[in-house]
Amino acid sequence: MLLAFAAITVPLMPVQQLFVWFWPEGARCLPHLYHRLLARVLGIKVVVSGPLPPPGAALIVANHVSWIDIIVLSAVMPVSFVAKSDIGRWPFFGTLAKLQRSVFVERERRHSTGRERETISQRLGAGGKVVLFPEGTSGDGRSVLPFRSSYFAAVHEARLPIVPVTLAYTRTWGLPMTPRELPRYAWYGDMDLPAHLWKALAEGPLTVEVYLHQALHLDHPKARKGLAAKAETLIRTSLVAALHDRRKTG
């Protein structure tokens, strides 16, 4: 698996860098095609429910389970991500995040939030789709942590869609995934990334269900907390239903 990953990834990295420098539209689309191919090679089946957002800008807000979320969401549509600043300093994977035009934020520094919100706003203003994980960290795949509303303020245009997305890890080898099996794919806490990546790839085929909910809109700048709470409720309810239904029918 790792050899296949390297064989696909390494040759495309300089191509994507050239696109970032000289062809923004190509830089937006190539990661989408790359992750669709990568998901197939790694045995990740992505099942999408709900309509895709129309072309143009959108803020995608999703629950965060694993590094696998990046592959899954990028395979669904062309996106860039809001990521913690320390990810940009990681060897190799930090470079991949930069090539996908990630917006790096210092989540623990309040004084930098305004500048980072403006960077996200500029990306949205240029017509891009930006993924935000409002929990601020990844979870165990069985629950949703409270959403942080601060980065919702990056949305200045009332007509810009804010699309809640639920990620549910539901099957492995075609069988319903049990709570005991979820940590094999969910990456959270102090789990070591290289070791987790190696073990997850060795586990075999995985099914991730992606539920695209109806877009929300920020009617008033001060309504971001209520909007974040509504998105959180939609995603939490959908996740519980997805996991319960798969175990019940399996």
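Which helix does Trp198 lie in? I looked there before anything else. Trp198 lies in helix H6, which runs over residues 193-202. I kept in mind that this is a predicted model.

**Entry: Trp198**

I checked the burial of Trp198. Trp198 counts as exposed because its relative accessible area is 54%, and the cut-off for exposed is over 50%. I then looked at Trp198 against Leu2. Along the sequence the two are 196 residues apart. In space their C-alpha atoms are 8.1 Å apart.

**Entry: helix H1**

Leu2 led me to H1, which covers residues 2-22. I noted 21 residues and a reach of 30 Å from the first C-alpha to the last. That is close to the 30 Å expected at 1.5 Å a residue.

Where does H1 bend? The bend is at Met13 and comes to about 35°. A proline, Pro14, follows within four residues.

Next I listed the buried residues of H1. They are Phe5, Ile8, Thr9, Met13 and Gln16. Met13 is thus both the site of the bend and one of the buried residues. I recalled the general rule on spacing. An α-helix has 3.6 residues a turn, so residues three or four places apart point the same way.

What covers the buried residues of H1? The cover includes helix H2 (24-42) and helix H4 (93-99).

**Entry: the largest pocket**

I turned to the open space. The largest pocket holds about 950 Å³. Its lining is made of 41 residues. Trp67, Ile70, Ile87, Phe93 and Ala97 lie nearest its centre. I asked which elements give two or more residues to this lining. They are H1, H2, helix H3 (68-76), strand S3 (80-84), H4 and H6. By class, I have 27 nonpolar, eleven polar and three charged residues in the lining.

**Entry: helix H3**

H3 gives residues to that lining, and I checked its burial next. H3 is mostly covered, with eight of its nine residues buried. The buried ones are Ile68, Asp69, Ile71, Val72, Leu73, Ser74, Ala75 and Val76.

**Entry: the cavities**

How many cavities of 30 Å³ or more does the structure hold? I found two.

The largest cavity contains about 60 Å³ of space. I wrote down its lining: Leu42, Gly43, Ile44, Trp67, Ile68, Tyr185, Ala200, Leu201, Gly204 and Leu206. Eight of these residues are nonpolar, two are polar and none is charged. Trp67 appears here, and Trp67 is also among the residues nearest the centre of the largest pocket. Ile68 lines this cavity as well, and Ile68 is one of the buried residues of H3.

The second largest cavity contains about 40 Å³. Its lining is Arg28, Pro78, Val79, Ser80, Arg101, Arg123, Gly128 and Lys129. I sorted these into two nonpolar, two polar and four charged residues.

**Entry: Arg101 and Phe92**

Arg101 lines the second largest cavity, and I looked at its backbone. Arg101 is not a glycine, yet its phi is positive, at about 65°. Arg101 sits in the loop between H4 and S4. Arg101 is partly exposed, with a relative accessible area of 22%. The value is not under 20%, so Arg101 does not count as buried.

Phe92 also drew my attention. Its phi is positive too, about 65°, and Phe92 is not a glycine. I placed Phe92 in the loop between S3 and H4. Phe92 is partly exposed, at 32% relative accessible area.

**Entry: Gly56**

Gly56 lies in the loop between strand S1 (44-49) and strand S2 (58-62). Is Gly56 buried or partly exposed? Gly56 is partly exposed, with a relative accessible area of 30%. I left aside its neighbours within four places in sequence and looked for contacts. Gly56 touches Gly127, Gly128 and Lys129. Two of these names were already in my notes: Gly128 and Lys129 line the second largest cavity. I also checked Gly56 against Ala126. They are 70 residues apart along the chain, with 8.6 Å between their C-alpha atoms.

**Entry: Glu106**

My last stop was Glu106. Glu106 is in the loop between strand S4 (103-105) and helix H5 (113-125). Its relative accessible area is 23%, so Glu106 is partly exposed. Glu106 and Leu42 are 64 residues apart in sequence. Their C-alpha atoms are 31 Å apart in space.

Key. Residues numbered from 1 in each chain as written. Predicted model: local features only at pLDDT ≥ 70, side-chain atom pairs only at ≥ 80, totals over all residues. Heavy atoms only, no water. 1 Å grid on protein atoms, 1.4 Å probe; cavity = no way out; pocket = protein on both sides within 12 Å on 5 of 7 lines; lining within 4 Å. Points joined across faces, edges and corners; volume = space filled by probe spheres on them. Nonpolar A, V, L, I, M, F, W, Y, C, P; charged D, E, K, R; others polar. Expected span 1.5 Å × (residues − 1). Bend = angle between axes of the 7 residues up to and from the residue. Buried < 20%, exposed > 50% of the residue type's maximum accessible area, 1.4 Å probe, protein only. Contact = heavy atoms within 4.5 Å.
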